[in-house]
Amino acid sequence: MMAGSTLRNHTDRVRAAVKRYWGYDALRPLQAEAIDAGLANRDSLVVLPTGGGKSLCYQVPPAVASRTDIVVSPLISLMKDQIDGLRQCGYPAAALHSGIPTDAQADIANAAAAGKLHLLFVSPERLVTPGFHQLLERVSVRAFAIDEAHCISHWGHDFRPEYRQLAFLKERFPNASVHAYTATATERVRQDIVAQLRLNNPTILVGRFDRPNLIYRAIPRLDGDQQIFEIIQRHERQAVIVYCITRKETERLAALLQTRGVRAACYHAGLDSDVRRHTQERFSREELDVVVATVAFGMGIDRSDVRCVIHAALPKSIEHYQQETGRAGRDGLEAECVLLHSPADAMKWERLMRRAAEDQIGNGDDALRASLKMLGHMRGFATAPICRHKLLTEHFGQTYDQGSCSACDICLHENTDEAAGDDESCAIAQKILSCVARVEQRFGIGHVVKVLLGSNDKRVRQFGHHELSTYGLLNDHDEKTLTNFVYQLVEQGVLDRTETDRPLLKLNAASWEVLRDERPVRLIRPKPRVVKATQVEAASWADVDRGLFEQLRQLRRQIAFDRSVPAFVIFGDASLRDMARRKPTSRADFLNIHGVGQRKLTEFGEQFMGVIRKHGARAAHAAASEEGADAHT
Ligand code: ADP
């Protein structure tokens with residue numbers, strides 16, 4: 001237990017370090033407790049959502065205690081981005097990994113041994129080598145931080161076998177504390193981390209999972225490409241990630257967006273590693289606005305100003321959805337997460353899951369049941385008319401008692417889908433089912449829809465289906481809506497779709513009940529949405545001079561380019577907006593801007609204030625000539 005004055009002293013030192021290096025005035029929830037555990041050398045597990053500020057928790061203790069701590073990180077790109085960012089703040093940190101030339105490695109090791117670094121980043125593979133152990137002894141290491149600690153667990157989504165070896169730390173360095181950090185919310189993963197790392201009576205800190213700055217929208221997919229394009233247009237020149245299920249789909253969509261003038265590229269695990277790295281770098285230097293990716297685009301993305309994450313189709317679990325949308329708005333500013341979904345998505349996943357279970361020897365059935373259950377939760381999230389913040393929070397075992405979130409399509413009342421009347425639904429369903437019967441249950445959705453629309457399609461004519469009584473029977477609907485109706489019937493179990501490569505529509509017992517008017521059906525007619533403004537957006541843009549903000553962004557991009565570092569390590573968007581709001585022109589005022597510490601004031605203050613002054617002068621000049629013009633009228 002620390003005495004009152006020592007505690008105050010220690011709190012002051014933490015606050016002073018945070019202000020000096022990072023320019024932040026306050027700590028975020030649980031950061032103080034996590035920093036205390038680091039300073040007291042008590043093992044800890046810190047679970048904070050993405051963007052919660054985990055890095056600061058392990059960056060502060062060695063700076064306050066003047067020591068060198070070790071950070072284990074799974075990816076070189078993550079280490080690089082953090083070190084670039086820390087260096088811009090004047091904080092001494094370095095990494096040892098295979099990408100660093102041998103002589104530079106020796107210099108880094110010497111700097112660490114001489115106590116000149118606060119943090120030394122290392123991969124798990126390097127940590128277990130005898131050479132590195134010798135270095136750790138020279139450093140007299142007191143604490144290890146394990147970043148992305150869920151990589152140690154089989155139950156997580158990014159299992160890394162090398163992380164398993166970290167179990168030796170407590171044995172080999174009994175006097176050093178171990179601090180695990182993750183954003184993964186499940187209890188099972190947490191328990192696994194504590195057990196695997198052999199944490200000794202750890203402080204366990206679990207933050208709130210709700211991200212109030214994220215605006216969630218879940219929208220039925222009708223014309224997917226056009227919907228995606230319109231969302232991207234809402235975020236012109238901003239960072240957007242689009243997640244697709246297949247590699248082919250990422251390539252097709254990225255090419256399409258390029259033809260429409262969007263600075264987009266695709267990213268998936270099938271691409272050459274150089275191509276992937278290049279795309280990632282262009283994205284972090286703001287040379288690319290949109291990355292269309294599979295789930296392979298993940299942990300390495302450190303760009304904090306991602307303003308929109310689009311899911312082109314339903315992901316297979318809420319855990320995946322949370323992880324992927326977590327990449328939006330890490331800087332705490334507003335960001336939009338749009339999920340486009342169709343009943344077809346769940347069916348596609350189900351087919352893939354069944355196939356995977358068949359290929360698996362042993363507990364295939366259990367795994368299948370578990371994954372179908374997760375898929376069911378995800379589908380519920382997309383379709384239930386319940387606040388999306390509430391659903392997500394409760395899914396992860398926390399309560400949400402805030403009433404309306406004002407930051408999801410449900411609470412904003414954007415959802416204008418209407419249920420067709422019972423009689424109308426039933427009539428539409430019967431026409432669809434009759435058509436399936438008329439084509440002898442030998443065709444798929446596309447063909448049946450064409451017949452119902454009365455299409456002049458070659459195949460329809462070839463099979464003589466233009467002569468059927470159901471030809472053109474639903475031609476008062478458009479193709480997208482009709483296709484959606486067919487999927488809704490399949491979802492409701494009144495029509496079957498085979499699990500073959502080219503799925504065919506088949507009638508079942510329930511279909512006949514519908515045809516005989518013995519069973520009700522309900523169809524929803526999805527409507528185009530009107531996107532409403534949110535309080536989150538209004539608050540984070542309040543009083544910001546947008547023209548000035550764009551000019552400051554341009555300067556940031558230029559400096560980042562000259563220094564070959566990601567743009568966000570120069571200043572985050574929150575800092576630029578604060579500058580464009582308060583327009584500081586003196587050093588003292590500049591230091592009060594969010595995210596400006598001593599080093600950044602010295603390095604960048606004059607350049608940014610130059611832009612602000614010029615902008616102010618131009619505005620004053622424009623106002624004066626307007627006044628002059630008024631005087632002459
Ligand atoms: P996580 O690793 O939990 O996803 P980060 O450590 O990357 O989150 O932090 C997210 C962003 O929030 C970073 O830009 C970081 O500098 C910023 N941040 C962290 N702590 C604070 C704080 N106390 N005040 C303001 N910004 C903070």
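This report walks through three helix packings and the surroundings of the ligand in a predicted model.

## Around the ligand

Let's start with the ligand. There are 15 residues around the ligand, and those that come nearest are Y24, A26, G51, K54 and S55.

Oxygen atoms of the ligand also have polar partners in the protein. From R330, a polar side-chain atom lies 2.9 Å from a ligand oxygen atom. Two glycines contribute through the backbone instead: a polar backbone atom of G53 is 3.1 Å from an oxygen atom of the ligand, and for G52 the distance from a backbone N or O atom to a ligand oxygen is 3.4 Å.

## Helix α17 against helix α18

Now to the helices. Helix α17 covers residues 422–438, and its axis comes within 10 Å of the axis of α18, with a crossing of roughly 115°. Angles of 65 to 115 degrees count as roughly perpendicular, so α17 and α18 are described as roughly perpendicular to each other. The crossing is right-handed.

On the α17 side, the residues that meet α18 are K431, I432, C435 and V436. Their partners in α18 are V448, V451 and L452. Sorted by class, this contact has six nonpolar residues and one charged residue, with no polar ones.

## Helix α18 against helix α20

Helix α18 (residues 445–453) also packs against helix α20 (residues 479–491). Here the angle is about 125° and the axes are 10 Å apart. α18 and α20 are therefore oblique to each other, and their crossing is right-handed.

From α18, the contact uses I445, V449, L452 and L453, while α20 brings E479, L482, T483, V486 and Y487. Those residues divide into seven nonpolar, one polar and one charged. If you are following along in the structure, L452 is worth finding: L452 takes part in the contact with α20 and also in the contact with α17.

## Helix α14 against helix α20

The last packing brings in helix α14, which spans residues 343–359. The axes of α14 and α20 are 8 Å apart, and the helices pack at an angle of about 50°. That angle makes α14 oblique to α20.

P343, A344 and M347 of α14 make the contact together with N484, Y487, Q488, V490 and E491 of α20. By class, there are five nonpolar residues, two polar and one charged. Y487 is another residue to look for, as Y487 of α20 contacts α14 and is also part of the contact with α18.

Notes. Residues are numbered from 1 along each chain as its sequence is written. This is a predicted model: local features need pLDDT of at least 70, side-chain atom pairs count only at pLDDT 80 or more; totals for chains, interfaces and linings use all residues. Side-chain values use heavy atoms; hydrogens and water are left out. Axes are lines fitted to C-alpha atoms, for helices over the stretch in contact, and angles run from 0 to 180 degrees between N-to-C directions. Helices (H or I, at least four residues) and strands (E, at least two) are DSSP runs, numbered from the N terminus. Angles under 35 degrees count as roughly parallel, over 145 as roughly antiparallel, 65 to 115 as roughly perpendicular and the rest as oblique. A crossing is left-handed if the near helix is turned anticlockwise from the far one by less than a right angle, and right-handed if clockwise. Contact means heavy atoms within 4.5 Å. Ala, Val, Leu, Ile, Met, Phe, Trp, Tyr, Cys and Pro count as nonpolar, Asp, Glu, Lys and Arg as charged, and the others, Gly among them, as polar. A residue is near a molecule or strand if one of its heavy atoms lies within 4 Å of it. A polar contact is a pair of N or O atoms within 3.5 Å; within protein, one must be able to donate a hydrogen and the other to accept it, and residues adjacent in sequence count only if both atoms are side-chain atoms.
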